[in-house]
Each structure stands twice: as structure tokens, then as C-alpha cells.
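This report describes the domain arrangement of one chain and the surroundings of its ligands. The sequence and structure come first.

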Amino acid sequence: MIKVKVPATTANLGPGFDTLGMSLELYNELEVSEVESGLEFEVVGYGSEELDLDENNLIYQSMKRVFEIVDYHPQGLKIKLNNQIPLARGLGSSATAIVGGLVAANKLSGDKLSRDELLNLATEIEGHPDNVAPALLGGVVISTIKDGQVVYKKLSVPKLNIVVCIPDYQLSTVEARESLPTEVKFEDAIFNLSHTGLLITGLITEDYKLIKYALDDKLHQPYRQELVPGLETILEEVKEDCLGVTISGSGPTVVAFSLEKEEKIGEKMVDIFSQNNIKAKYLVLNPTDQGVILKR
Ligand SMILES: Nc1ncnc2c1ncn2[C@@H]1O[C@H](COP(=O)(O)OP(=O)(O)OP(=O)(O)O)[C@@H](O)[C@H]1O
Ligand SMILES: N[C@@H](CCO)C(=O)O
């Protein structure tokens, strides 16, 4: 039996659209066993009602990609999930399914694919590397795709707390990407370039006051505000209590980076969502340098 634990991830980190992501200490766990025949699923936690529990399941589809490449033919599979990451909230649930499936299948079939090959496959399945890279590698990962290959650099996570406010509704990445424009203004591109540079420099030099300026974005957040009622107010009003606040991935979760006052920040975000008739809860999470964890 193979056991895999995959961290949640928060992508974009404000200005780094499709480029930056960071892993967080909140996990989905996966146990895969080879059985005599068929495909069985057991789900504990999030997803027991909404996930496909058949050959369409994203974990199974990801495993199948590895088996095809390495020419491995399991007779049957039993897949047990313990999901602590809510689905379609911008916390990288689909990335955990892809990375967990790829890593488990690779182990089961004799460890033939390298980490970089798994990252390329994961990116091909997800469509962008910013969640799958930190889910696989841990840390803060800067990534891009060059000639079909992911080029990346992992940085250590900041010594900060991340207040994660999770609204009680789902927003799929597909829907959240449909709200984006096909062209952006030159000045908005410059805004994001400068902010991404400042953010990465702030992380590398541990000059966290730079984060205060650097988490702002003009490429995706403004277009997603109507999908996340209360976001505009949260961005304005929570900023003064923390180092920076931004939508997590494609939302609707919002993340605040902080060194103190986490409860006040979390309660304020929950309160603003509630004023917009949305139930929400908050968690205070640590970022982590450890990506996927594999046990046999
Ligand atoms: N834990 C999971 N296990 C299996 N499949 C999953 C899981 N999470 C998401 N998926 C699948 O991934 C696809 C996209 O999922 P979903 O919309 O939940 O994620 P997302 O939009 O990428 O949001 P997030 O950033 O939270 O991952 C759907 O087909 C969904 O069934
Ligand atoms: N970079 C992606 C992350 C999706 O989780 C987006 O913002 O659409």
C-alpha cells in the first residue's frame, strides 16, 4: 500500500498570476492499494458527495497517465481519500489530486519517473504550474513553462502566519478564469512586474515590509471581484492589520500574511463576508517547505 500526503497551496500570491505558489500546512491524504480487480474509492472529509468516484476521478486519471508512460498494468485499485482541503476554494484541491495520483502511481510502478518529469506531467494536467509545483516540492515556487518544460526555482517559505478565510461556496478555477480579459493594459503589466519583483526580493531577503506593497495585483483580482462579494472591502479594510492580503489562487478564499493579530484579521474577514450574506470560516496556517510526503 502507498500512502501520500499532499499540502494545500495558495497560488498567485497577489501579482504572480500563474507563476507563484506557496504550500501550506493543510493536507489531503491518499492511500492506494493494488487489488485483484476493479476500481474502488473511499472518501473521508471533503468531496464525498461531489467527487467522481469512478474512472473520471482526477486522481485515477493522473495515475493512469503514469501507468501508460511506464507501461504498468495494475489489475485493480483501491483508493482511499482523507480530504482536509475544501474543494474549489482556491486552495489547490485539484493540485493535490493530480500530484497525489502521479506520485502514488510512480511509486507503485517502480519509481521510474523523476521529480521533474512528474512536475511536467502535473502541469500538463492542471494547465498551469503555480499550484502543482509547491504541492510537489513545498516552499514558495516561481515557475514558468519553456518549450513544454517547467522551469522553476523553490524558495524557503516566509516566517509568517497565513490567515486563510474560506467562504462557504465553491468557485471553480474554470469559471474564475472565464472572467479574465484576453488583453491587459501595458501599465497594468508594468504594475504586476514591479510588484512581483518586490515580492520575491522581500521573500529572499526576509524584508517582509516589502510584502505590504507587493501583494497588490492588476491582472486578475479586479476582474474576479464580482465573483467574490466582499473582496473589495476585505482588500481595503484588512490591509491595515496585516502585511498584505490577496485572493488565494482563483478564489473565493482570501489569504492575509501576518506577524500578529491573526484572530482579529480572521474575524474581520469573516465579518465582511457575513455583511455580504456569505458564511465563512478562517484558519491560521503555517507555510511549509515540505511538499508531497510519501510513505510506504
Ligand atoms: N481532492 C480531490 N480529489 C479528486 N479530484 C478532485 C479533488 N479536488 C478537485 N478535484 C477535481 O478537480 C477538478 C477541478 O476541481 P475544483 O474546481 O475543485 O478545483 P479548482 O477549481 O482547481 O480549485 P482549487 O484551487 O481549490 O483546486 C474537478 O474535476 C474536481 O472533481
Ligand atoms: N493561477 C491560477 C490558480 C488557480 O488555482 C488562477 O488564478 O486561475
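## Domains and ligand shells

In this predicted model, the C-alpha centres of domain 1 and domain 2 are 24 Å apart. The domain assignment places residues 2-156 together with 288-295 in domain 1, and residues 161-285 in domain 2.

The contact between the two domains involves 22 residues of domain 1 and 29 residues of domain 2. On the domain 1 side, the elements that supply two or more residues are the strands β1 (2-11), β2 (20-35) and β5 (140-146). Strand β2 gives the most to this side, with three residues. By class, the side of domain 1 that touches domain 2 consists of 13 nonpolar, seven polar and two charged residues.

A record also covers part of the chain. An unreviewed UniProt entry lists residues 57-139 as "domain: GHMP kinase N-terminal". Helix makes up 57% of that span and strand 10%, and its end C-alpha atoms lie 27 Å apart.

The ligands come next. Ligand 1 has 22 residues around it, of which Ala 88, Ser 93, Ser 94, Ala 97 and Thr 173 come nearest. Two elements, α1 (58-70) and α2 (93-108), each give two or more residues to this shell. Helix α2 gives the most, with five residues. Both domains take part in the shell around ligand 1: at least three residues come from domain 1 (2-156 + 288-295) and at least three from domain 2 (161-285).

Around ligand 2 there are 14 residues, and the closest are Ala 11, Asp 18, Thr 173, Gly 249 and Ser 250. Helix α5 (residues 173-178) provides the largest share of this shell, three residues. Where does ligand 2 lie with respect to domain 1 and domain 2? Ligand 2 lies between them, because domain 1 (2-156 + 288-295) and domain 2 (161-285) both give residues to its shell.

Thr 173 is listed among the nearest residues of ligand 1 and also among the closest residues of ligand 2. The table gives the residue classes of the two shells.

| Shell | Nonpolar | Polar | Charged |
|---|---|---|---|
| Ligand 1 | eight residues | 12 residues | two residues |
| Ligand 2 | three residues | eight residues | three residues |

Terms used. Residues numbered from 1 in each chain as written. Chains lettered and ligands numbered in written order. Predicted model: local features only at pLDDT ≥ 70, side-chain atom pairs only at ≥ 80, totals over all residues. Near = placed C-beta within 6 Å. Helix = DSSP H or I, 4+ residues; strand = E, 2+ residues; numbered from the N terminus. Nonpolar A, V, L, I, M, F, W, Y, C, P; charged D, E, K, R; others polar. Domains from an automatic or database assignment. UniProt positions renumbered as here; feature names shortened; annotations may be inferred. Contact = placed C-beta atoms within 7 Å.
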